[in-house]
Amino acid sequence: MRRKRIAPPAALLLGAALALPGLTGTAAHAVAGTLYVNNATGANCSDQGTGTQAQPYCTVVAAAAVVQPGQTVLVSSGTYPQELDITRSGTAAAPITFEGLPGPFNTGSALPQIGNASDPSTYTTHGILVKGAQHVVVESFSPVGQSDSIAVTAGSQNVTVERNVLTLTGLAVSGSSGTVVTTNTVNTLQPAGVSVATAPGTVVTSNTVTSSCNNGIQFDGSSPNGVIENNIVDTAALGSPGDAACPAGSQDTEVAVPTGSTTGTKVAYNFLGTKSGGPAYLWGAHTYTTAAAFAAASGQGSHDMLGDTGAVGNSSTNFVAVDSADANAPGELSTDVRGNPRVDVRSVPNTGTGVGYYDRGATEMSTGNSYAPVSPVRVLDTRADIGVGTSTPVAPGGAVTIDLNGTNKIPAGADAVALNVTVTGGSASGTLKVTPTHPYDGGGNPTTIDQIAATNLTWSKGENVSNVVTVPAGSDTITFTNMSSGSVHIVADLEGYFSQTAPNGYTTTGPVRVLDTRAAKGVPGTRPIGPGGTVVLPVTGSNGVPASATAVVLNVTVTQPSSDGYLTVYPDGITRPVVSNLNFSAGQTIPNLVIVPVHNGKIDFFNHSGNTHVIADLEGYFSPGGLSTFNLMTPNRILNTVAQSGVPTGPTPLAAGASLTVNIDNVYGLWGSDPKAVALNLTVLDTKGTGYLAVYPYGTTPPFVSNANWTTGQSVSNLVLVPAKTGKLVITNHSTGTIDLLGDLEGLSTNF
């Protein structure tokens, strides 16, 4: 688990000034290792063993009885109905950690449940009780108890309670000091969400607390030197049809710090609900309903906000809490309640401290992936034993798999990659499918490669064809499946990666033509590029592309080549990489999408052999100031004119000169996502004439661009990364005959 704890200020570390109770257990020295707990069927558990992974404990109680400083008790997802009493202590250098593991994706990733509050005959008072212990971490559980779900009591010191999900009763800290309560989700029906009594130096940071007409965060009168920061708190009544005001007389204050606990206590950067009708604050002996009044009277409440938190009922998502927390708050973690990293939502201004983009509350708002271009590098070539342990072509129906993780090609945390994939030497016509090795379907459920209906490349026998593929990678490998009846060689060049922490967001433009060597567009004359020739194209400073652009997205087309060859598109001013972006045969017109880094505001086009004309249409650019991020997915077929899938009305195939509108918002779970751009791999087949395809935003003037080119009888595939408007795009058949279309959605960009 990636974790960064920011220590409480020195004034809060009271343990050094207090008499510390002696360590319980048989030893105070650190003992390395993990104790495992798993009561699932087939886990071979036993409480008489030593808690190994091969034979884990059946109960958490058994592990708690023997755990030593420096050890972690790792608990698998499941139900553990006994109350967990933690009485053994760690040390400052070697804490004892109790950590729950989430369940499988298809179970909702449920955390281990500790305790019982559903069976009256076996009620537990607490779910987890930390009693008189020091230097203990309780992380990632879903405990339940009649009195409280988690309690820290009886002189406990320096206990951290983090990333837990409480759904019935709250979290109580009493008679303890130096407790850190951070990044928990507390949804309680009784009593207060987080209660602190006789517990000086308690830190309550970045929790999301809903308490249904009970006080949200409540200190008693003898808990000074506390911290209440970055929390989302809402005490409104829960229930259909949403949150509502509480009955008169309810104890429904959002944050309560009475006289005796105000000394040395800090309240700041919280987001408090207003729908309960109760006070926002109790400070000393007075209540306050506005942040301004509270700040004026107390000097506290810096950067606090009041409003609809979106935390209860049917409230809509509220962006006020996004990118606005104090990243330097005591107890603040670098990951949220689900272990996800803090990320910058590019469309929301950063108003927090530190990096500026930590969210308030326990859950970091999810966002799409930004982009980091790389100097193109070859990661697969079946002809040359690159990426695979062979130099033989891929057999009919065969597959090859590459792993880009741990190779210094993509960093940890990269969720997807952009590859330029080429097939060559095919002994028969066919198609190629590129997917994660362990894919998920459009509903997020695990599936198999053979169940994925997708086409990334289409070729004729002996033809060299390239196409850009965006494919989820993450911790998975990438599989290339030859769907043809013949063998074929496969080449792949890495162009960049997508991750939530990558530096560049996306901005759409046009599409607009920026280079056409036939028409002196982008170049001074109308000559083709000669063998070994290079054209330098300035791309920044025009068509809305700023000087800060780090990469541009182009649909590049080669036409009228005098011989077989290939084209390399790369950043200006660097050594030309040994990669190819388009491969072509003499006389062929063929396009490919290119995502190319920008250097000196320019990019270069190198033609390997023969004479050829080159056309480039600008689709968009990546830059540090770009607001859109990408959600990339296993390909999902959303358009099939043969089966009339995705076609709103009318006959198929698509007639010459005809257009169809594709509504991306109606696909799978994407309703209302308002995509700014769409990554759609289009395959044109059953072509009855020669022509080209144009793809552009719905409701705009059709641009003079092309996205796919073909001759009669030819099938072609090409990825388009095209702007969308109101969630829609238009595809027009500019050919002399009818065509059929397949469309595989690979991803989309949004401003959140």
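Hi everyone. When I say "contact" today, I mean heavy atoms within 4.5 Å. And please keep in mind that this is a predicted model.

Let's start with Arg346. Where does Arg346 sit? You'll find Arg346 in the loop that runs between β26 (305–307) and β27 (370–381). Setting aside neighbours within four places in sequence, Arg346 is in contact with Ser370, Ala502, Pro503, Asn504 and Gly505, and also with Ser623, Pro624, Gly626, Leu627, Ser628 and Thr629.

Now for the charge. Arg346 is buried, yet has no salt bridge. Why does Asp344 not count as a partner? Asp344 is the nearest side chain of opposite charge, but Asp344 is 5.6 Å away, and a salt bridge has to fall within 4 Å, so this pair does not qualify.

What does the side chain of Arg346 have in the way of polar company, then? One polar contact goes to the side chain of Ser370, at 2.9 Å. There is also the backbone oxygen of Gly626, which lies 3.2 Å from a polar atom of the Arg346 side chain. Both Ser370 and Gly626 appear in the contact list I just read out.

Let me move on to a strand, β9, residues 148–153. How many of the six residues of β9 are buried? Six of the six, so to speak: the strand is mostly covered.

Strand β9 has pairings with β7 and β12. With β7, residues 126–131, β9 pairs in the parallel sense over five bridges; here Val130 has Val152 of β9 as bridge partner. With β12, residues 169–174, the pairing is parallel too, over three bridges, and Ile150 stands opposite Leu171 in β12.

Thanks, and do have a look at the model yourselves!

Definitions and conventions. Residues are numbered from 1 along each chain as its sequence is written. This is a predicted model: local features need pLDDT of at least 70, side-chain atom pairs count only at pLDDT 80 or more; totals for chains, interfaces and linings use all residues. Side-chain values use heavy atoms; hydrogens and water are left out. Helices (H or I, at least four residues) and strands (E, at least two) are DSSP runs, numbered from the N terminus. Buried means under 20% relative accessible area, exposed over 50%, partly exposed in between (1.4 Å probe, protein chains only). Lys and Arg count as positive and Asp and Glu as negative; His and the chain ends are not counted. A polar contact is a pair of N or O atoms within 3.5 Å; within protein, one must be able to donate a hydrogen and the other to accept it, and residues adjacent in sequence count only if both atoms are side-chain atoms. Two strands pair if DSSP finds at least two bridges between them.
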